[in-house]
Amino acid sequence: METATQRHVEVLARLKSNLESCILGKSAEIELLLTAMLAGGHVLLEDVPGTGKTVLIKALAKSINGQFRRIQCNPDLLPTDITGVSIYHPKEEKFLFRSGPIMTNILLVDEINRATTKTQSALLEAMEERHITVDGDLHELPSPFLMLATQNPIDFEGTYTLPEAQLDRFMIKLSLGYPSEAAEKMMIASQSKVHPMEALHAIMDTKQVLDIQEQVRQIHLDEAVADYLVTISRKTREHHAVFLGASPRATLSLVLASKAYAFLHGRDYVIPDDIKYLAPFVLGHRMILQMEARMDGVSIASVLATIFEGVRVPVRLEK
C-alpha cells in the first residue's frame with residue numbers, strides 16, 4: 001500500500017484507540033462503526049439503555065472534529081423539526097430557510113422507533129440522497145454525513161416499527177451489549193474522578209475522513225470474491241425460510257463495507273473472510289423470515305450460516 005494510505009491506516013488506529021478509551025471492551029463494535037463511517041453508510045444501534053451508545057457517537061464526532069447534532073425522538077416530533085422550515089422574513093420580504101438538526105456531520109437519532117412513521121420518512125431522503133427538500137428547494141447536507149440511530153429492543157410501548165425501506169438504508173446494524181466484568185471494573189476506576197470524554201481530543205478532521213472514503217472506493221475487489229459476495233446475497237432471496245431477502249442496495253452496501261474493513265486492516269484488497277464476517281451485520285436486518293420458520297425457532301444467524309456452508313469460498317492457488 002502507498003505511504004499516504006499507510007499514514008491513514010495509522011491515524012485510524014489512533015482513532016480507534018481514542019474511542020476505546022471511552023467505551024471499554026468493545027473493540028469489535030467500534031471497528032464496525034468505523035467501517036460504516038469509512039464506507040459512507042449509516043448505523044442502527046439496537047440495545048438496552050445505558051450501554052454507552054450516545055457516549056460512543058459523541059466520542060466519534062469529537063475525534064474527527066465534526067459537527068454533532070442530536071434528535072430525541074418522540075411521538076409529537078414533526079418532520080420539520082428534523083429538516084428545518086422556511087420562515088417569512090418581513091424586512092427582506094421573502095422566505096428564509098432555517099435549517100434543522102439534520103444539517104450536521106454526525107447525527108444521533110435517539111430512540112428512532114419512538115417517532116411516528118411520517119417523521120421517520122423525513123429521514124429517508126437524507127440517508128440515501130444526502131440532501132433534503134423543503135418547500136420544493138433542495139438543500140445539500142454537509143459532507144461527510146453519518147447518521148447513527150438508536151432503538152430499545154425490549155420497549156414496545158409507544159414505539160413504531162421501522163419500515164423495511166428505512167431499515168434497508170442502514171448499512172450496519174449492531175449492538176454494544178453489556179461490558180464484561182473486567183471492563184465494568186475498569187469503567188468504575190476510569191470515571192471515578194473525571195469522564196474520559198472530557199480528556200478526548202480530535203485525531204483527524206472531516207477532510208481526512210473524505211480523503212479516506214475516496215481511497216476506500218479504490219480497494220480492489222477480485223472478480224471471484226465479487227462472485228462470492230453476490231452469490232451470498234442472492235441466496236438470501238432463494239432460501240426457503242426467508243420471506244424477504246437482501247436487496248441490491250444491500251449487496252452494494254456489503255461491497256463498500258468489505259472494502260472499508262479491508263482498509264482498516266491495512267489491506268488494499270478484499271478477502272472472503274471480510275465478507276463472511278460483515279454479512280450478518282449488513283444483511284441480517286434486511287432479511288425477514290417466513291412465519292413458519294420463526295415459529296420453528298429458525299433465526300437469521302442460522303439461515304446465514306447455512307448459506308455460507310453452501311457457497312464455495314474462492315481460493316487463490318499460488319504456483
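**Exercise 1. Determine the volume, lining and composition of the largest cavity.**

The largest cavity has a volume of about 50 Å³. The model is predicted: local features need pLDDT of at least 70, side-chain atom pairs count only at pLDDT 80 or more, and totals for chains, interfaces and linings use all residues. Residues are numbered from 1 along each chain as its sequence is written, and side-chain values use heavy atoms, with hydrogens and water left out.

Step 1, the terms. On a 1 Å grid over the protein atoms alone, a cavity is a set of points where a 1.4 Å probe fits but cannot get out; a pocket is an open set with protein on both sides within 12 Å along at least five of seven lines; lining residues have an atom within 4 Å of a point. Grid points are joined across faces, edges and corners, and a volume is the space filled by probe spheres set on the points.

Step 2, the count. Two cavities of 30 Å³ or more are found by this rule.

Step 3, the lining. The walls of the largest cavity are formed by M37, G40, G41, I64, I106, P144, F145, L146, V209 and Q213.

Step 4, the composition. This lining holds seven nonpolar, three polar and no charged residues. Ala, Val, Leu, Ile, Met, Phe, Trp, Tyr, Cys and Pro count as nonpolar, Asp, Glu, Lys and Arg as charged, and the others, Gly among them, as polar.

**Exercise 2. Characterise the surroundings of Q213 and P144, both in the lining of the largest cavity.**

Step 1. Q213 belongs to helix 9 (residues 206-217); helices (H or I, at least four residues) and strands (E, at least two) are DSSP runs, numbered from the N terminus.

Step 2. With a relative accessible area of 18%, Q213 is buried (buried means under 20% relative accessible area, exposed over 50%, partly exposed in between; 1.4 Å probe, protein chains only).

Step 3. Beyond its neighbours within four places in sequence, Q213 contacts M37, L38, G40 and P144, where contact means heavy atoms within 4.5 Å. A polar atom of the Q213 side chain lies 2.8 Å from the backbone oxygen of M37.

Step 4. P144 is located in the loop between strand 7 (137-140) and strand 8, and a cis peptide bond, with omega about 0 degrees, joins S143 to P144. Most residues other than glycine have a negative phi, and most peptide bonds are trans.

**Exercise 3. Check the length of helix 2 and assess its burial.**

Step 1. The expected span of a helix is 1.5 Å times one less than its number of residues. For the 13 residues of helix 2 (residues 27-39) this gives 18 Å, and the end C-alpha atoms are 18 Å apart, which agrees.

Step 2. Eleven of the 13 residues are buried, so helix 2 is largely enclosed by the rest of the structure. Among them are I30, L34, M37 and L38.

Step 3. G40 follows helix 2 and has a positive phi, near 75 degrees.

Step 4. H42 lies in the loop between helix 2 and strand 1 (43-46). At 1% relative accessibility, H42 is buried. A polar atom of its side chain is 3.0 Å from the backbone nitrogen of M147.

**Exercise 4. Describe the contacts of Q151.**

Step 1. Q151 is in strand 8 (residues 146-151) and, at 10% relative accessibility, is buried.

Step 2. Not counting residues up to four places away in sequence, Q151 touches L44, L45, E46, D47, E111, I112, N113 and L162.

Step 3. The side chains of Q151 and E46 make a polar contact at 2.7 Å. A polar contact is a pair of N or O atoms within 3.5 Å; within protein, one must be able to donate a hydrogen and the other to accept it, and residues adjacent in sequence count only if both atoms are side-chain atoms.

**Exercise 5. Compare R130 and D135 in backbone angle and exposure.**

Step 1. Phi of R130 is positive, near 65 degrees; phi of D135 is also positive, near 55 degrees.

Step 2. R130 lies in the loop between helix 6 and strand 6 (131-134), whereas D135 lies in the loop between strand 6 and strand 7.

Step 3. R130 is partly exposed at 26% relative accessible area, while D135 is exposed at 60%.
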